[in-house]
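Thanks, everyone, for making the time. Please have the sequence and the model open side by side, and I will take you through the pockets, the symmetry and the contacts with DNA.

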Number of protein chains: 2
Amino acid sequence: MRLNQTAEYALRVMAYLATQDNQEPIKSKELAKTTGIPLFYLSKIMRRLVVAGLVQSQKGHGGGFTLAKPRSEIHFIDIIQSVSSEFSTKRCVFGYARCGDENPCPLHPTWKILRNQILSWANKFTLEDVAKGEPIELPDDVV
Amino acid sequence: MRLNQTAEYALRVMAYLATQDNQEPIKSKELAKTTGIPLFYLSKIMRRLVVAGLVQSQKGHGGGFTLAKPRSEIHFIDIIQSVSSEFSTKRCVFGYARCGDENPCPLHPTWKILRNQILSWANKFTLEDVAKGEPIELPDDVV
DNA sequence: AGTATATTGGACAAAATTGTCCATTAACTC
DNA sequence: GAGTTAATGGACAATTTTGTCCAATATACT
């Protein structure tokens with residue numbers, strides 16, 4: 001169970017895409033500007049999202065990125081997992097090679113609860129659940 | 001909301017301490033061996049736990065570490081926060097400078113749910129809740 | 001006092017994550 | 001076809017996290 005900056009970035013940019021309902025693709029430059037994610041780092045993230053099939057990319061003039069599926073079909077878990085393999089890792093927190101209900105480590109019962117909560121959260125919500133409307137306030141770190 | 005290796009290590013070693021009910025302090029060497037955490041990295045973590053007042057250390061012959069309080073008074077949140085400041089960071093995932101119920105970012109409602117779930121989990125459980133008994137299986141990465 | 005033990009602290013090293021730069025490729029416009 | 005635009009890919013740099021080494025300090029035992 002790991003949660004890092006990149007996963008948060010991915011959620012952020014996808015949430016932004018979900019709030020834009022124009023049909024034209026959105027350029028990474030605009031994405032970077034409005035989300036505050038470093039441009040070229042964002043590009044890498046976008047690529048991963050494209051490869052994962054969550055986003056479509058279009059090169060050249062008028063190109064950019066669009067969601068590859070309806071919002072309701074893009075779950076948070078898809079987004080996070082496409083950029084962060086360690087997110088839903090099964091490795092036991094305690095270090096057991098085979099930790100499970102039959103062979104529980106001391107942390108198993110409590111950790112399982114956390115894991116389940118996080119995973120079911122990520123499985124439950126989709127881009128449909130992000131609030132619509134224009135951003136009210138710009139990020140701090142955007143100049 | 002960040003969850004990293006060090007936080008997991010801290011939980012792991014504290015859980016181990018909680019399962020040992022002898023009165024003698026436990027040496028970091030033993031802790032490292034049984035938890036599979038690299039010895040000197042573990043030392044740093046232990047120091048943080050000592051500074052946070054969760055663990056008592058004893059130098060010299062017969063020294064080692066013991067819990068500084070009853071198990072029931074050591075919450076997971078204390079453990080994690082003493083080694084990982086970013087765990088319960090309030091920074092908005094979306095990047096808003098002031099994100100809140102009145103000025104919500106698109107991710108606010110869903111993210112708030114995750115945050116609350118994780119934090120209430122961490123606030124709820126204590127070392128009392130870790131399973132007692134001897135470890136059944138040694139970690140894989142321990143030689 | 002002297003010796004062994006174990007934490008502590010500082011410096012350092014390796015690895016992973018995060019961020020940047022630039023050339024290449026693909027697509028569109030005229 | 002020439003020029004422009006925007007994603008892609010690769011190399012690289014900075015930063016953070018994770019891991020290691022060793023000397024210093026404190027404690028206990030004889």
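How much space lies in the largest pocket? About 460 Å³, where a pocket is found on a 1 Å grid over the protein atoms alone, as an open set of points where a 1.4 Å probe fits, with protein on both sides within 12 Å along at least five of seven lines, and its lining residues have an atom within 4 Å of a point. The volume itself is the space filled by probe spheres set on the points, with grid points joined across faces, edges and corners.

Before going further, I should say that this is a predicted model, in which local features need pLDDT of at least 70 and side-chain atom pairs count only at pLDDT 80 or more, while totals for chains, interfaces and linings use all residues. Residues are numbered from 1 along each chain as its sequence is written, chains are lettered from A and ligands numbered from 1 in the order in which they are written, and side-chain values use heavy atoms, with hydrogens and water left out.

Back to that largest pocket: it is lined by 23 residues, and those closest to its centre are B:Lys90, B:Arg91, B:Cys92, B:Val93 and B:Cys99. Two elements give two or more residues to this lining, H1 of chain A and helix H5 (108-124) of chain B, and H5(B) gives the most, with 4 residues; helices here are DSSP runs of H or I with at least four residues, strands are E runs of at least two, and both are numbered from the N terminus. By class the lining has 9 nonpolar, 5 polar and 9 charged residues, counting Ala, Val, Leu, Ile, Met, Phe, Trp, Tyr, Cys and Pro as nonpolar, Asp, Glu, Lys and Arg as charged, and the others, Gly among them, as polar.

The second largest pocket has a volume of about 280 Å³. Its lining comprises 17 residues, with A:Lys90, A:Cys99, A:His108, A:Trp111 and A:Arg115 closest to the centre, and it divides into 7 nonpolar, 4 polar and 6 charged.

Let me turn to the chains themselves. Chain A has 5 helices and 2 strands, arranged along the sequence as α-α-α-β-β-α-α, and its C-alpha trace spans about 55 × 30 × 30 Å along its principal axes.

How is chain B laid on chain A? A turn of 180 degrees and a shift of 0.0 Å along the axis bring it there with an RMSD of 0.0 Å, the superposition being by least squares on the C-alpha atoms of residues with pLDDT of at least 70 in both copies. The two copies are therefore related as by a two-fold rotation axis, and in chain B the C-alpha nearest that axis belongs to B:Leu3, at 2.5 Å. Moreover, 100% of the interface residues of chain B are also interface residues in chain A, so the copies meet through the same surface, with contact taken as heavy atoms within 4.5 Å.

Now to the DNA. Strand C is surrounded by 25 residues, the closest being A:Thr6, B:Lys27, B:Ser28, B:Lys44 and B:Ser57, where a residue is near a strand if one of its heavy atoms lies within 4 Å of it. Of the atoms of DNA strand C that come within 4 Å of the protein, sugar and phosphate account for 70%.

Polar contacts are pairs of N or O atoms within 3.5 Å; within protein, one must be able to donate a hydrogen and the other to accept it, and residues adjacent in sequence count only if both atoms are side-chain atoms. A polar side-chain atom of B:Lys27 lies 2.9 Å from a phosphate oxygen of DNA strand C, and a backbone N or O atom of B:Ser28 lies 2.7 Å from a phosphate oxygen of that strand.

Around DNA strand D there are also 25 residues, of which A:Lys27, A:Ser28, A:Lys44, A:Ser57 and B:Thr6 come nearest. A base oxygen of this strand is 3.3 Å from a polar backbone atom of A:His61.
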